[in-house]
Amino acid sequence: MTTPLVEDSTGGLKTGDTLLEVDNLIMRYKTKQGYVSAVEDVSFVLHKGEALGLVGESGCGKTSVALSLLRLQADNGEILGGEIRLGGKDLVPISEDEMRRHRWNDVSMVFQGAMNSWNPVYRVGDQIKEALDLHWPERLNRAETRQRIGDLFALVGLDSDAQDRYPHEFSGGMRQRAVIAMALSCNPQVIIADEPTTALDVIVQDQILKELKKIQADLNMSIIYISHDIAVIAEVTDRTGVMYAGKMVEFGDTGDIFSAPRHPYAWLLLSSTPSIVGPRRKLAPLEGEPPNLLDPPSGCRFNPRCPFATDQCRVEEPPLRDIGDDHQVACWNYEQVPVGITSGSVV
Amino acid sequence: MALEQKPPDLEIGPPITGLEGSDDEPIIAITEPLWRIRLRLLWRSFKKNWGLFAENRIGLVGLFVIAIFAVMAIAHPILMATAWGGDNREIYDPVIGYDAVVKEFTVVEEVTDPLSEIELIDARFTNINAQVGDVIEQPQQPASPSSRHLLGTDPLGRDVLSQLMFSTRAAFFLGMVAALVTVFIATTVGSIAAFFRGFVDAFLMRVADLILLMPLIPILIVIGGFWTIELWQLGVIIGILNGFGGVAIVLRSQALAVSVKPFVDAARVAGGSRWHLIFRHVIPNVLPLSFLYMMFGVTEAISLEAILSFFGLLNVEMSWGLMISIAQAEGYLLRGLDVWWLLFPAGLAVTFLAAAFFLVGRAMDEVVNPRLRKR
Amino acid sequence: MLKFIGVRLIQMSLLFLVFLSLLFFLLQAQPGDFSTQFLDPRIPPENRDLIAARFGLDAPLWKQYLTYMGNVLQGDFGVSFQRYPRTVVSVITERLPRTFFLFTFATLLSYYLGFVLGKVLAWRRGGSQEMSITLGGVLLYTVFYPWFALVMIWFFAAYLDLVPVNQFLTPLRWRDAPFSANSVFTSIIWSTLLLSIGLGLALWASRKPDNETQRRLVKWGGVGLTVAVFLAFWMPHEQRTYATDIAHHALLPIFTLALVAFAGVMLITRGSMLETLKEDYILTARAKGLAPKTIRDRHAARNALLPVTTSFVLGLAFIIGGGLITETVFSWPGMGELLLASVLTQDIPVAIGALAMVGALALIAHIIVDVMYVFLDPRIRYQ
Ligand SMILES: Nc1ncnc2c1ncn2[C@@H]1O[C@H](COP(=O)(O)OP(=O)(O)O)[C@@H](O)[C@H]1O
Ligand code: SF4
Ligand SMILES: [Mg+2]
């Protein structure tokens with residue numbers, strides 16, 4: 001086998017070049033009661049070799065964004081606007097058949113319920129082979145396929161022989177590792193990991209995160225990391241987007257966001273989470289519930305829960321604005337948000 | 001009918017005035033009698049479940065069909081007492097009635113159309129001088145529908161509509177007997193198996209397996225051949241076989257799920273006796289699911305009754321199966337649409353009523369099993 | 001695997017023994033006994049007792065039971081009353097292949113069609129379709145079966161005149177046939193059995209090669225070859241015209257039985273498919289970029305097959321009952337028709353023998369499906 005384990009399939013992109021651009025993406029679910037606006041006007045850029053985080057409370061539309069990127073949203077979901085440009089090519093208008101060729105080959109995904117990502121009646125290796133058969137540029141014979149899957153398994157810390165086993169013979173952690181191996185199998189340009197460790201116990205969770213981070217660094221991969229757990233995002237990502245009620249409310253360098261969030265929601269979210277490292281701090285409460293996306297609040301969607309809300313916030317929607325240092329915030333009154341999260345509550 | 005019984009949130013009446021201020025007295029008190037509260041809770045859960053049920057149009061179709069048949073069953077005795085009563089009774093009685101509708105027949109050598117032709121030998125019964133080619137008047141059986149007999153008469157000259165309505169009652173009766181016996185046995189067996197576990201459980205479940213494997217129809221046919229079975233006996237037999245068989249297995253797993261719930265544990269800790277626990281806590285929570293199986297039980301009973309009386313193995317005065325059986329025995333079946341009133345009313349009645357109960361059961365299944373619901 | 005089959009076989013044999021015992025007690029519990037039913041009432045009591053003693057009817061119940069079980073286990077169900085002096089076993093062996101034929105074909109047909117249609121319907125579910133499919137399926141499932149069979153006979157045989165009205169063969173054509181109907185029938189069964197095995201092998205072998213064109217080649221080549229061999233066997237065969245006569249008669253009963261059983265299979269498949277489609281691994285399969293058809297067949301349907309297989313065991317009694325009615329209504333001289341006729345003519349040994357045989361048939365089908373299930377679901381293979 002001369003094929004490198006994971007080759008650069010990004011057509012000579014260098015680290016830091018723009019790989020994936022999402023522009024004003026709108027995706028809504030049609031239900032009996034009306035439209036659920038799960039992804040509303042979301043934009044971001046992913047660079048080559050970068051780990052990007054998406055964070056937000058459960059139900060704020062993170063999974064919906066991820067699925068939209070692959071155009072895999074549920075049957076009742078529809079992309080109503082925006083562009084998803086991968087290496088400059090917009091994926092929104094292309095045909096379903098063409099889209100299928102990009103799935104896994106260019107963008108692969110580790111799902112939220114990765115434990116159940118395996119079809120129980122087939123061997124793990126055969127399920128990875130299925131992806132290879134479909135996308136690998138040249139036909140691999142049996143021995144080559146085994147070799148390739150064995151290499152991938154070694155990468156994620158599994159025995160090569162494990163590929164002959166059925167999913168139910170794996171532990172939760174092993175299944176998750178195998179899912180990561182499958183996501184890597186076709187050398188995708190982007191991997192989306194949606195809550196990849198949420199269902200695992202803490203120790204395994206930590207191991208897998210560390211390995212994932214190492215693989216990402218070693219292979220210079222671009223990864224979109226989705227979690228409701230800000231600790232996880234802080235640990236593994238370079239840049240972070242904070243989502244609230246289907247909208248991107250803050251975007252910037254992970255270090256900046258975690259040390260000095262500018263959006264009131266991000267600020268409250270971080271302040272309300274006890275930090276294990278760093279100084280003890282007083283917790284500011286994040287009160288209330290996320291809004292019903294069938295009928296989101298007018299103006300800024302955060303206004304009913306926001307301590308800084310003004311009349312303007314209730315009528316006019318704040319755009320995502322650059323505030324320097326590659327940092328963007330969608331808030332009329334971000335200047336009022338205390339810098340740093342150590343000072344407890346202002347309310 | 002909610003599957004999981006939540007601890008009832010107590011209805012609290014308005015604060016009783018005059019008690020405010022005294023700190024050691026409760027400032028609110030329950031002002032309604034307990035039974036009213038229970039009734040209201042029941043009504044509320046009924047309304048909620050009805051809402052879920054009504055979302056399913058197919059279940060409503062089933063209920064509607066059942067209602068039509070119920071009206072027929074109720075209307076029959078009323079008609080027999082009024083329009084079909086008195087002197088008309090001899091004509092309209094479903095079993096011993098008789099009406100000769102006189103029609104003209106052509107005498108022929110070999111009959112090709114029994115509705116308008118008559119064989120020479122038969123014609124001479126009425127008219128000794130009849131010749132081939134003559135047109136003679138002769139009572140017609142079966143007679144085609146007319147204003148006198150809306151669905152015509154059967155090969156023995158009896159009113160088909162009256163038979164059809166009369167049989168409806170038998171179908172409901174049988175269905176109810178079978179369903180009640182099924183539910184009674186299955187709930188008891190399932191709860192006991194789940195609660196006692198161990199040997200009792202294993203034994204009852206092996207019995208259930210055995211019954212499930214036994215081919216029901218052949219066995220009923222043999223039983224029907226050896227004994228004379230009455231309608232209610234058939235209901236009881238079906239009820240016993242189902243109650244100890246498949247339904248017991250389903251209800252056992254439900255009872256198993258219930259008997260590990262916190263409120264049962266709480267009752268156990270509080271020192272409730274086993275039987276008390278079973279009757280007060282396990283069975284009430286298994287009942288909703290048994291209602292569901294009652295519906296499927298009715299479907300099965302109706303079909304089995306029709307099949308057995310079709311083969312003449314059931315001791316019943318009149319039933320849908322028997323009506324078809326008579327039509328077949330008299331050789332009218334291959335005439336198909338020509339004698340539609342002999343074939344279709346009874347055949348469709350069995351099919352529709354059985355299907356209606358089945359549809360209601362399916363719709364109830366979606367209420368009881370949330371996992372089947374659409375999002 | 002062998003151990004599993006062994007354990008299952010032992011369990012089933014025990015069950016069969018219980019079933020046989022129940023039959024014995026059913027016999028015992030029937031009103032009267034042989035001596036009151038079948039002897040001239042004018043026979044004086046002493047002679048009556050003598051006759052009863054000769055048949056062992058005076059022995060204690062447990063002894064009679066042991067004798068009965070002993071005989072039955074040696075395959076001795078006694079002598080038919082109606083067809084004296086033929087033994088029950090000889091009557092049954094004549095009938096068994098015909099029932100087997102009807103049952104197997106109707107079952108395979110209904111499961112195959114029900115599965116395929118249920119799968120497709122679930123895949124493109126839609127509002128208006130939902131209602132009509134369910135209604136139609138439920139109506140077929142709950143239809144008053146003897147009536148339905150009669151309507152089918154009227155429509156296809158009498159009205160459209162497509163198939164012969166009734167019976168197993170056309171008596172006129174067989175008047176001076178050089179061989180018995182059963183020998184022709186046996187050839188039919190064996191050749192179709194081999195045909196199905198050949199088709200199965202072709203489909204199985206076609207999954208092995210690595211690329212699509214090879215796979216297709218193996219599949220269609222195998223199917224073509226098997227069919228060619230089948231035709232090559234029958235075309236020049238001396239029994240051919242007689243075989244087609246039987247096949248012609250078998251068409252409508254098989255179709256009718258399959259149609260009714262099909263409805264239940266379709267509803268179950270559809271429900272099970274809809275459940276499966278919600279699973280995470282279906283989303284994974286879509287994310288991998290697999291073609292919709294591959295997802296439907298290889299991932300969704302393959303898993304939906306498991307509950308359908310389980311339901312087969314539960315539906316077994318239903319199909320057997322349906323088969324019995326089919327035989328009776330279509331005058332198809334098999335086990336079911338035998339059972340009903342013997343019940344109606346009080347031919348008790350035959351009735352009991354037929355019932356025992358039907359029970360054995362159900363148990364065997366059950367074991368086959370159990371073993372199949374183990375192959376279908378790897379999760380239970382290593383338990
Ligand atoms: N198929 C669907 N139909 C209607 N609403 C949906 C559907 N899937 C998700 N939603 C709704 O869309 C919103 C976003 O969901 P999701 O993307 O799963 O959030 P997250 O991944 O951040 O938890 C939620 O309010 C959820 O209820
Ligand atoms: S725009 Fe107004 S309501 Fe929204 S986050 Fe900023 S201050 Fe709060
Ligand atoms: Mg999510």
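Biologist: Helices are DSSP runs of H or I with at least four residues, and strands are runs of E with at least two, both numbered from the N terminus. How many helices and how many strands make up the secondary structure of chain C?

Modeller: This is a predicted model, where local features need pLDDT of at least 70, side-chain atom pairs count only at pLDDT 80 or more, and totals for chains, interfaces and linings use all residues. Residues are numbered from 1 along each chain as written, chains are lettered from A and ligands numbered from 1 in written order, and side-chain values use heavy atoms, leaving out hydrogens and water. The C-alpha trace of chain C spans about 90 × 55 × 45 Å along its principal axes, and its pattern, read along the sequence, is α-α-α-α-α-α-α-α-α-α-α-α-α-α. The secondary structure of chain C thus comes to 14 helices and 0 strands.

Biologist: Which residues of chain C lose the most area to chain B?

Modeller: The contact (heavy atoms within 4.5 Å) between these two chains takes in 50 residues of chain C and 48 residues of chain B. Together the two chains bury about 4300 Å² (accessible area lost to a 1.4 Å probe, summed over both), and 84% of that area is on carbon and sulfur atoms. On the side of chain C, three residues account for 17% of what is buried there, and these are C:F144, C:W147 and C:W154.

Biologist: How do the residues of the side of chain C that touches chain B divide by class?

Modeller: Across the interface of chain C and chain B the rule finds 0 salt bridges (Lys or Arg side-chain nitrogen within 4 Å of an Asp or Glu carboxyl oxygen). At least two residues of this side come from each of α1 (2-29), α6 (127-142), α7 (145-159), α10 (240-277), α12 (292-329), α13 (335-344) and α14 (348-376) of chain C. With Ala, Val, Leu, Ile, Met, Phe, Trp, Tyr, Cys and Pro taken as nonpolar, Asp, Glu, Lys and Arg as charged, and the others as polar, the division is 40 nonpolar, 8 polar and 2 charged.

Biologist: How large is the area buried between chain C and chain A?

Modeller: The contact of these two chains takes 25 residues from chain C and 30 residues from chain A. Carbon and sulfur atoms give 54% of the buried area. The total buried between chain C and chain A is about 2500 Å².

Biologist: Which helix gives the largest share of the side of chain C that touches chain A?

Modeller: The rule finds 2 salt bridges across the interface of chain C and chain A, and the side chains of C:R298 and A:E130 meet in a salt bridge at 2.7 Å, N to O. Both α11 (280-287) and α12 of chain C supply at least two residues of this side. The largest share, 7 residues, comes from α12(C).

Biologist: Between which chains does ligand 1 lie?

Modeller: The shell around ligand 1 (residues with a heavy atom within 4 Å) holds 16 residues, and the closest are A:G59, A:K62, A:T63, A:S64 and A:N76. By class, the shell has 6 nonpolar, 7 polar and 3 charged residues, and α1(A) gives the most to it, with 3 residues. Ligand 1 lies between chains A and B.

Biologist: Which residues are closest to ligand 2?

Modeller: The shell around ligand 2 has 10 nonpolar, 3 polar and no charged residues. Of the 13 residues that surround ligand 2, the closest are A:C300, A:C306, A:C313, A:C331 and A:W332.
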